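Please look at the sequence and the structure shown below. The report after them is written for a reader who is new to protein models.

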There are 2 protein chains.
Amino acid sequence: MIEDKNQASTPLSELGEFGLIEHLTEQFEIKQKSTIKSIGDDAAVLDFKKKQIVVTTDMLVEGVHFDLSYVPLKHLGYKAVVVNLSDVYAMNAEATQVTVSIAVSNRFPLEALEALYEGIALAAKIYNVDVVGGDTTSSTSGLLISVTAIGQVKTEDVVYRNGAKPNDLLVVTGDLGGAYMGLQILEREKEVFKVNPNNQPDLDAYTYVMERQLKPEARKDIIKLLKDLEVKPTAMIDISDGLSSEILHICKASEVGCDLYEDKLPLDPQVISTCEEFKMDSTTVVLNGGEDYELLMTISQEDFPKIKANPNLTVIGYITEKNIGANLVTRGETKIPLQAQGWKNFDN
Amino acid sequence: MIEDKNQASTPLSELGEFGLIEHLTEQFEIKQKSTIKSIGDDAAVLDFKKKQIVVTTDMLVEGVHFDLSYVPLKHLGYKAVVVNLSDVYAMNAEATQVTVSIAVSNRFPLEALEALYEGIALAAKIYNVDVVGGDTTSSTSGLLISVTAIGQVKTEDVVYRNGAKPNDLLVVTGDLGGAYMGLQILEREKEVFKVNPNNQPDLDAYTYVMERQLKPEARKDIIKLLKDLEVKPTAMIDISDGLSSEILHICKASEVGCDLYEDKLPLDPQVISTCEEFKMDSTTVVLNGGEDYELLMTISQEDFPKIKANPNLTVIGYITEKNIGANLVTRGETKIPLQAQGWKNFDN
């Protein structure tokens with residue numbers, strides 16, 4: 001798990017900026033029709049004909065969003081792309097291009113950046129997006145990745161956060177809480193490794209939650225599924241900061257309330273067992289854990305027959321009038337107001 | 001010149017991510033027709049109808065691209081936007097939107113970010129672009145700004161780097177070398193300040209070169225001018241890394257050579273006098289200094305009558321066959337091959 005950073009080592013200064021960019025980007029193929037001109041000019045040129053485009057950007061910072069003592073660089077590159085694509089899909093759009101900028105200190109050899117770009121290229125291939133630009137620069141400390149993702153969507157298909165209506169169903173994809181529990185495992189193993197670097201951990205029982213943390217996937221499949229089912233959500237958002245925070249975003253933007261049912265929250269058995277091992281409440285983990293990159297959407301009641309048999313979609317509650325507020329209905333049938341924990345990384 | 005960092009001080013942790021983003025972005029007005037949805041959803045939504053779009057991204061890193069001991073944060077925000085717009089104009093496109101992501105350590109109070117965003121908002125206003133998204137996150141050290149700029153252009157108007165033909169004229173806007181000499185002044189004053197913090201420097205003789213460094217402008221006006229003159233350059237690039245490097249980019253992409261005339265290089269009198277004071281060769285400064293954000297273009301000979309009287313445009317040489325190479329013709333009429341110095345910040 002802990003990466004060997006002492007493999008081949010080519011200092012970045014040997015290549016210079018242009019050599020480095022050329023070397024790292026030569027593996028990127030162009031497959032999108034909308035990409036007219038990619039890397040190699042002052043800007044990329046794109047042509048979306050009559051479609052609207054969506055643009056989103058996210059930054060991952062070493063020591064804040066990732067810890068290189070247990071995150072392999074290839075996975076990091078993959079994740080940096082995927083978390084941005086997730087935002088594109090959350091608009092019900094098709095992701096088409098990304099730009100990737102990297103700030104990196106001299107302590108990283110070329111081989112480290114190659115691993116990072118391998119992950120970027122793999123995500124681009126799997127999600128069928130073109131890498132059309134970026135910037136590679138040095139930093140005084142650490143690694144930072146800034147990705148901008150672009151997608152296309154027919155005007156009539158865009159889904160915002162603000163369209164939820166009372167009585168709409170609250171629906172989530174996949175299962176939740178895995179990425180956060182994966183992080184707990186990785187942090188624990190890091191501490192074990194510090195004490196005994198020769199310990200060979202047996203992590204077989206945690207493969208799913210660790211993969212949720214290290215190599216999350218964005219729900220491109222859901223955008224296609226919704227199209228096939230002929231369902232257009234009334235509102236949609238991706239779950240990056242925890243379910244609670246995302247529900248509150250939809251409620252605020254749509255000026256509605258909601259009832260969320262604790263007993264409906266989709267949990268993988270490994271999330272449940274890991275929560276038990278760590279003596280954590282799985283509901284708290286789902287509400288505040290974050291980084292699951294599933295989609296949360298609201299769907300009109302009349303579309304319920306179209307989605308009810310689908311294993312990818314779980315109805316977890318429904319939208320109410322604004323004055324009811326956003327509430328969790330517990331297993332004991334108590335109503336508790338939802339609170340956003342989510343992201344707080346400016347705290348010391 | 002040296003900023004007082006001990007004014008009002010509100011720790012960032014008081015606001016949290018969403019509060020911070022809301023606070024900092026409420027000043028951004030939307031003015032572009034193509035902006036359908038701006039900040040506040042998973043992604044911005046844009047509609048360019050039949051036009052092509054251009055996308056470019058650049059990152060500015062503290063300690064690498066700027067030194068906060070003499071760069072006011074407002075100017076930094078302004079510059080971070082402008083250097084990206086410059087890339088859009090270099091495609092002969094109209095800049096329309098930007099996204100701005102910031103990674104910032106806890107040592108910055110809210111007021112510092114407000115100053116930064118004031119500069120961003122000012123640039124957006126002056127250049128008529130909408131700020132449609134971004135990310136604000138903490139960093140373990142220092143400040144980093146990543147901007148992505150988007151522009152629109154009619155398909156037939158795009159200008160790439162690869163269209164230069166033998167006998168085309170090599171044309172540059174404005175004057176060169178100022179930004180680099182401004183940096184020399186600022187670095188010198190920083191050293192003086194270290195020795196004697198009470199020294200009140202008299203910088204009147206350097207206002208132009210300092211402004212070129214601290215608050216550069218992008219040549220939006222040139223895109224309009226070229227349209228008015230009915231001139232479409234055969235190739236174009238913005239001058240961020242020094243004239244030499246940019247000429248070599250055009251020559252490489254277009255598979256041509258060029259003769260650049262030393263005695264034609266446009267110099268402001270203040271650049272000349274500052275070079276003399278620092279005992280620097282002004283030609284070297286122009287060729288390798290960088291950060292001037294002027295435009296370098298190649299223009300067909302037949303368009304010469306349209307541009308010859310224009311004070312914004314200077315013919316500095318012409319394009320040759322590739323086998324001639326890219327050369328500087330000195331005042332002494334010696335030919336010297338051009339070399340790219342430019343950006344080398346991976347060196348220690």
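What follows describes a sheet and the contact between two chains.

This is a predicted model, in which local features need pLDDT of at least 70 and side-chain atom pairs count only at pLDDT 80 or more, while totals for chains, interfaces and linings use all residues. Residues are numbered from 1 along each chain as its sequence is written, and chains are lettered from A and ligands numbered from 1 in the order in which they are written.

Six strands form an open sheet with mixed pairing, in the order 1(A)-2(A)-3(B)-6(B)-4(B)-5(B). Strands are DSSP runs (E, at least two residues) numbered from the N terminus, and two of them pair if DSSP finds at least two bridges between them. The edges are strand 1 (35-37) of chain A and strand 5 (130-138) of chain B, each of which pairs on one side only. Two of the pairings are set out here.

| Strands | Sense | Bridges | Opposite residues |
|---|---|---|---|
| Strand 3 (residues 52-61) and strand 6 (residues 143-153) of chain B | antiparallel | 10 bridges | B:Val54 and B:Gly151 |
| Strand 2 (residues 44-46) of chain A and strand 3 of chain B | antiparallel | three bridges | A:Ala44 and B:Val55 |

Between the chains, 58 residues of chain B are in contact with 58 residues of chain A, where contact requires C-beta atoms, placed from the backbone, to lie within 7 Å. On the side of chain B that touches chain A, strand 3 of chain B gives the largest share, nine residues.

How values were computed
Helix = DSSP H or I, 4+ residues; strand = E, 2+ residues; numbered from the N terminus. Contact = placed C-beta atoms within 7 Å.
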